[in-house]
Amino acid sequence: SSLERQTRLPLEITYGEEAKLTLVQRANDYEINEKTRTLQTLTEFPDREATMQHDPLRHRLRLAIPENRLILKNGDGYSDDKSAKRLFLIDMPGWNSGDDLLAEGDASEIMAGFHNLALVYVVSAVRIDGLKNSERLNNFLQAFAEADFVGAPHLIIMMTHCPAAEAQALREKVKKQVNTLWAELGETSSLSMDLFSIDFEE
């Protein structure tokens, strides 16, 4: 939700014994190991121009960090295998990150993976009343309704640039907005949702 053009490749954040940033090739979220190819180890995040030769539908950045909260100790809750599994947080390119199809396309094609634990919608607090956000949120909720989840579907809303004094009122406003759009989609079930806010200046 910024005016600057953002990275056009999806970013995976997962567990690794040491911090490492790599460029990988993999088309689907379920291709974790055997079908994933590491193309390059990077020393810094590339800007948009440096990734123009890569296809956002086949190439991703992967940031591995030694953070134990990215380990699912009892398995992923989907397969019968109860051994520890890595959790992947997948940050998709922002919708205004450029004029390519991934950045401006339909949410159902890019915003949901396989066996999701939750989907996260990030919006700047100053844009929650905007028409563009309303259109995007509606499109996102359509994708959410059709997505594949492990367990009950769960939505996380993160508001950025949200002053602490206004946070509670803004969270209530967003909750009402989401529930209204959810009902307009014809969904009758209640929506499992968490709302968070952050002010980067703090």
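This report covers a parallel sheet, the helices packed on it and the nonpolar cores of a predicted model.

## Basis

The model is predicted: local features need pLDDT of at least 70, side-chain atom pairs count only at pLDDT 80 or more, and totals for chains, interfaces and linings use all residues. Residues are numbered from 1 along each chain as its sequence is written, and side-chain values use heavy atoms, without hydrogens or water.

## Sheet

Three strands make an open, parallel sheet, ordered S8-S9-S10. Strands are DSSP E runs of at least two residues, helices H or I runs of at least four, both numbered from the N terminus. Two strands pair if DSSP finds at least two bridges between them. S8 (119–124) and S10 (193–197) are the edges; each has a single partner strand, so one side of each lacks a neighbour in the sheet. The twist averages 20° from one strand to the next.

Six bridges link S8 to S9 (155–160). Val 123 has Met 159 in S9 as its bridge partner.

## Helices

H3 (131–146) lies across S8 and S9, at about 175° to S8. H4 (167–184) touches S9 and S10, at about 145° to S10. Angles run from 0 to 180 degrees between N-to-C directions, with axes fitted to C-alpha atoms, for helices over the stretch in contact. Contact means heavy atoms within 4.5 Å.

## Cores

A nonpolar core joins buried Ala, Val, Leu, Ile, Met, Phe, Trp, Tyr and Cys residues through side-chain atoms within 4.5 Å; buried means under 20% relative accessible area (1.4 Å probe, protein chains only). The largest has 29 residues. Leu 141, Leu 155, Ile 157 and Val 178 have the most contacts inside it. H4 gives the most to this core, six residues.

Conventions. Buried < 20%, exposed > 50% of the residue type's maximum accessible area, 1.4 Å probe, protein only.
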